[in-house]
Amino acid sequence: MLKLGVIGTNWISKMFVDAAEATQAYTLTSVYSRREASGREFSESAAIYTDLEAFFTSGIDVVYIASPNSLHFQQVAQAIEHDVQVIVEKSAFSNPKEFEKIYSILREHPTVHLFEAARHIHQDNFKAIEAQVADMDVISGATFVYEKYSSRFDAYLAGEEPNVLTRTFSAGALTDLGVYPIYAIVKLFGLPEDVHYFATKLANGADGRGTAILRYADFDVTAQFGKMANSYQRSEILGRKDTILIDNIAELGDVTYVDADGKSVEISTTAPENPMMAEAQVFADIINDPDMHTDEYEELFMLSQRVNMVLTQLRQSAGIEFPADHA
């Protein structure tokens, strides 16, 4: 069983730990938090560390990192240097420069794997979408929507600077919510030929919401996402006369295929109660038997690298810079 360490004591860390332990492939042994009280509140049984060096030498096999985006690079690098397997929340890194540096460190530690926790692409309902797209004669375009009002936006309106809405932490709508549709787009259709991002910027220069257009040879894909409002619009993938309808590109609760005659067929199955179980199992399988899963791991790593590149290109097209870009 993999000894799991966690950096970050927020709700998504709790969800991942629950999912990981439900697979029976992991057991939580260590938690890093800046404050011991927060760590103990997160887990009553795990060892709590407020020092990263002590945390990484505590005997953990794999670390799940859910700290602010701008901290990922240094924490991932430190984990790899301690030969600890890494699962890092999306967005993994601020820019391709950071990604390349991490890749260089990984080459010096060939037994270590790096996974980006894009949970939706591992779910059965996403695989059903992939299979249906592969079976469609023509793709004419697509629109993916993930717009969800953030509880932290109230804090922003009150004059605060929440981590998820500031460029200081390499954050904003694109890197927090937009990463879901962008991941889906790149996974389904590959690298675009051109990208444009039309961002609604906050007073601090971060993007609160926006619309991204990814251009392919024969079609365009639009991604709409944000943290300033709620949207209940479905996502669509257009064929010629047929269409795939998706209730939510991140949650993937219901997926329907409408054929050329207008007949609707539900291609989704009941979504799991914890949407992170599938990715937790995939990561454990690769770690425990890397030779059997070499191709799968390389595909996931390349996908993560491509998504990082597209996110950076989109951000640059909107004139949004992170402090990490100049580090």
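Biologist: In this predicted model, what makes you say that α4 lies across β1, β4, β5 and β6?

Modeller: Contact means heavy atoms within 4.5 Å. α4 lies across those four strands, β1 (2-7), β4, β5 and β6. Its direction is at about 165 degrees to β5. Angles run from 0 to 180 degrees between N-to-C directions.

Biologist: Why are β4 and β5 called paired?

Modeller: Two strands pair if there are at least two bridges between them. β4 (residues 62-65) and β5 (residues 85-89) have 4 bridges, so they count as a pair. The sense is parallel. One of the partnerships sets Val62 against Gln85 in β5.

Biologist: What makes β3 and β6 edge strands?

Modeller: Each pairs on one side only. The sheet is open, with 6 strands in the order β3-β2-β1-β4-β5-β6. β3 (47-49) and β6 (114-117) are its edges. Neighbouring strands are turned by 25 degrees against each other on average, direction ignored.

Biologist: Why is β7 called largely enclosed?

Modeller: Buried means under 20% relative accessible area. In β7 (residues 141-147), 6 of the 7 residues are buried, so the rest of the structure largely encloses this strand.

Biologist: How do you know which strands pair with β7?

Modeller: Count bridges against the minimum of two. β10 (residues 220-226) shares 7 with β7, in the parallel sense. There, Val145 has Gln224 as its bridge partner. β11 (residues 235-238) shares 3 with β7 and runs antiparallel to it. Ala142 stands opposite Ile237 in β11. Both counts reach the minimum, so both strands pair with β7.

Methods
Residues are numbered from 1 along each chain as its sequence is written. This is a predicted model: local features need pLDDT of at least 70, side-chain atom pairs count only at pLDDT 80 or more; totals for chains, interfaces and linings use all residues. Side-chain values use heavy atoms; hydrogens and water are left out. Buried means under 20% relative accessible area, exposed over 50%, partly exposed in between (1.4 Å probe, protein chains only). Helices (H or I, at least four residues) and strands (E, at least two) are DSSP runs, numbered from the N terminus.
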